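Work through the exercises below with the sequence and the coordinates at hand, and try each task before reading its solution.

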Amino acid sequence: MSLLGMKTVVIGGGIGGLAVARALALRGASVTLLEQAEAIREVGAGLQISPNGFAVLKALGLDQALQRGAVQGQAVSLRDYRKGEVLRLDLTQLSDQSYYFVHRADLIDILAEGAREAGVKIRLLQKVDRVTPATSQTPASLHLANGSHLEADLVIGADGLHSVLRPMLNGADKAFFTGQVAWRAVVPNTMARGPEAWVHMAPGRHLVSYPLRDGKSINLVAVQERADWTEEGWFHKDEPSNLRRAFAGFGAEAQALLGAVEDVRLWGLFRHPVAEVWQGGHCALLGDAAHPTLPFLAQGASMALEDAWALADELALSDDAPSGLAAYQHRRKARATKVINAATGNAWKYHLSAPPLRFAAHTALRLAGRFAPGKMLHQFDWLYAHDETARPTAGG
């Protein structure tokens, strides 16, 4: 199907929304992106782009822009919170070494510039109140908070956890608190930390850290088990002293990082089900709007990028929009579900509390790292070696 002139509206100016906007515009679609904020921007935090996500950025022609400021990851080090390294995964042994640590704001800037360069019209301060999917008689339509109304050949909900479109396709769903909260912060790299991600594991807690922006900064994500939490979202400002108190038992290398925190955000981790219905009525969900994930496999950004490519690809390969959107859901749903389940299952491995169990688990990791390091690394081939852009594209 030719996408030339297809009137497309993307809701949400995050990673998935900007990526799918560029992907569709490069194929000839007429794309408008609606963002409710006053600017396309992100608050300070880091993320990881593994080879499967980088493959999409490369196909979109944005790989070199990312590489200019990102840090190419060389290793992942699992560490006991007091005793040091337990297992080291050498990322340079991956068949594709395109594993990057990047500031979220930098990636957003790259994608926004790429969308505009492709001809996407980005409209700010545009809050969507309601989406009405298309019927056989009427096109899909969007109703905005300012009273205006838009019609489109295609509407894409890339508007995250609180998507306006998702309940229109699925009805309401109830998220549940996972019993974990997380702090995010970025600190100066005064420790001369190299291009490695560290995961300090402790009873009921873990701390992830890795360098950003040519190694000048270090991103921190600190997760703690907690009995209750009332509000979702991660824009809750917290006192650094609360973070330091929660991780007071950690060793010197972690304390050096925590001691440098001056500004920190805290959020409760909630689990949402994968949406049963991703598309219908010339509308489709993408990224967290379809499949919110917990941050225990570092795949949120890469999954959104994969979705973006697959959606544009299937539309171009199909005879019409409904069949293309159905093919997109079929292509992506099982993989997204597998990734999310793997992320959900990772947290308990980091938080083992019973001393005998921790000792046995860490001993097993040390032995595996010593005698079968390749096996430990390649257990992730199903994730990292996946290339969503390898599918035949329209005309090729």
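Two strands count as paired if DSSP finds at least two bridges between them. The model used throughout these exercises is a predicted one.

**Exercise 1. Strand pairing**

Task: Determine which residue of β11 is the bridge partner of Ser141, and place the two strands concerned in their sheet.

Solution. Step one is to look at the pair of strands, where β10, covering residues 140-144, runs antiparallel to β11 and is joined to β11 over four bridges. With at least two bridges required for pairing, the four bridges here satisfy the criterion. Step two is to read off the partner, and for Ser141 the bridge leads to Glu151 in β11. Step three is to widen the view to the open sheet, whose three strands follow the order β9-β10-β11 with antiparallel pairing. Its edge strands are β9 (128-132) and β11 (149-152), each of which pairs on one side only. Neighbouring strands in this sheet are turned against each other by 20° on average, if direction is ignored.

**Exercise 2. The two sides of a helix**

Task: For helix α7, decide which residues are buried, and explain why they line one face of the helix.

Solution. Begin with the burial cut-off, which is a relative accessible area under 20%. In α7, which spans residues 252-259, the residues Ala254, Leu257 and Leu258 are buried. Viewed down the helix axis, the buried residues of α7 fall within an arc of 95°, and therefore they line one face. The general background is that an α-helix has 3.6 residues a turn, so residues three or four places apart point the same way. Next, turn to the face directed away from the buried side, where the exposed residues Ala252 and Gly259 are found. Finally, ask what lies over the buried residues of α7: the cover includes the strands β13 (176-188), β14 (196-202), β15 (205-212) and β16 (217-225), together with the helix α6 (240-246).

**Exercise 3. Salt bridges and their surroundings**

Task: Out of the 18 salt bridges in the structure, examine the pairs Glu85 with Arg79, Asp263 with Arg265, and Arg332 with Glu306, and state for each partner whether it is buried or partly exposed.

Solution. Side chains of opposite charge can pair when their charged atoms come close. In the pair of Glu85 and Arg79, the closest N and O atoms are 3.6 Å apart; Glu85 is partly exposed at a relative accessible area of 35%, whereas Arg79 is buried at 12%. In the pair of Asp263 and Arg265, the corresponding distance is 3.0 Å, and here Asp263 is partly exposed at 37% relative accessibility, as is Arg265 at 24%.

The third pair, Arg332 and Glu306, meets at 2.6 Å from N to O. Arg332 belongs to helix α9 (residues 321-350) and Glu306 to helix α8 (residues 300-317), so this salt bridge ties together parts that are 26 residues apart in sequence. Both Arg332 and Glu306 are buried. Through shared partners, salt bridges join these two residues into one network with Arg27, Asp307, Asp313, Glu314, Arg331, Arg335 and Glu388.

**Exercise 4. The protein as a whole**

Task: How many helices and strands does the protein have, and what percentage of its residues is buried?

Solution. The count of elements gives twelve helices and 20 strands. Of the 396 residues in the protein, 56% are buried. Among contacts with a separation of 6 or more, 76% link residues 24 or more positions apart.

How values were computed
Residues are numbered from 1 along each chain as its sequence is written. This is a predicted model: local features need pLDDT of at least 70, side-chain atom pairs count only at pLDDT 80 or more; totals for chains, interfaces and linings use all residues. Side-chain values use heavy atoms; hydrogens and water are left out. Buried means under 20% relative accessible area, exposed over 50%, partly exposed in between (1.4 Å probe, protein chains only). The arc is that of the directions from the helix axis to the C-beta atoms. Contact means heavy atoms within 4.5 Å. Axes are lines fitted to C-alpha atoms, for helices over the stretch in contact, and angles run from 0 to 180 degrees between N-to-C directions. A salt bridge is a side-chain nitrogen of Lys or Arg within 4 Å of a carboxyl oxygen of Asp or Glu.
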